[in-house]
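Please examine the sequence and the predicted model shown below. The explanation that follows leads through selected features of the structure.

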Amino acid sequence: MQSPNHTEFAPNAACRLKDVIRITGLSRSTIYGRLNKTSSQYDPTFPKPFPLYGGTQLRGAKGWRLHDVDAWLNAQSAKQ
């Protein structure tokens, strides 16, 4: 798996779930499984989302740092 080229984005650019799905090739449920500590798919190295609007919301728009997603993909490639 090779990381796509995102040179047109700033290093700390935020991407939404649909972008993480496209970049990683993982499904929505797999991504949330990687984030859920009680899931058999849990991966503590998977990038954590952050709230895009305010820091104390329980629900709402989430984003992932593009750099973190790319770094995770590169680490997965190195394992293979």
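**Surface pairing, a buried threonine and the core**

Arginine 22 is exposed, its relative accessible area being 57%, which places the residue above the 50% cut-off for that class. Arginine 22 forms a salt bridge with aspartate 19, with 3.8 Å between the closest N and O atoms. Both partners belong to helix α1, where they are three residues apart, about one turn of the helix. Under the criterion of 4 Å between a side-chain nitrogen of Lys or Arg and a carboxyl oxygen of Asp or Glu, the model has one salt bridge. In general, side chains of opposite charge can pair when their charged atoms come close.

Helix α1 also holds threonine 24. Threonine 24 is buried, with a relative accessible area of 5%. The side chain of threonine 24 reaches the backbone oxygen of valine 20 at 2.7 Å. The threonine 24 side chain also reaches the backbone nitrogen of leucine 26, at 3.1 Å.

Valine 20 leads on to the nonpolar interior. The largest nonpolar core comprises 14 residues, and Val20 is among those with the most contacts inside it, together with Cys15, Ile31, Phe46, Trp64 and Val69. At least two residues of this core come from each of α1 (17-24), α2 (28-35) and α3 (66-79). Helix α3 gives the most to this core, with four residues. In soluble globular proteins, nonpolar side chains tend to be buried together.

Cysteine 15 has its own set of contacts. Leaving aside residues up to four places away in sequence, cysteine 15 touches Val20, Lys62, Gly63, Trp64, Leu66 and Val69.

How values were computed
Residues are numbered from 1 along each chain as its sequence is written. This is a predicted model: local features need pLDDT of at least 70, side-chain atom pairs count only at pLDDT 80 or more; totals for chains, interfaces and linings use all residues. Side-chain values use heavy atoms; hydrogens and water are left out. A nonpolar core is a set of buried Ala, Val, Leu, Ile, Met, Phe, Trp, Tyr and Cys residues joined through side-chain atoms within 4.5 Å. Buried means under 20% relative accessible area, exposed over 50%, partly exposed in between (1.4 Å probe, protein chains only). Contact means heavy atoms within 4.5 Å. A polar contact is a pair of N or O atoms within 3.5 Å; within protein, one must be able to donate a hydrogen and the other to accept it, and residues adjacent in sequence count only if both atoms are side-chain atoms.
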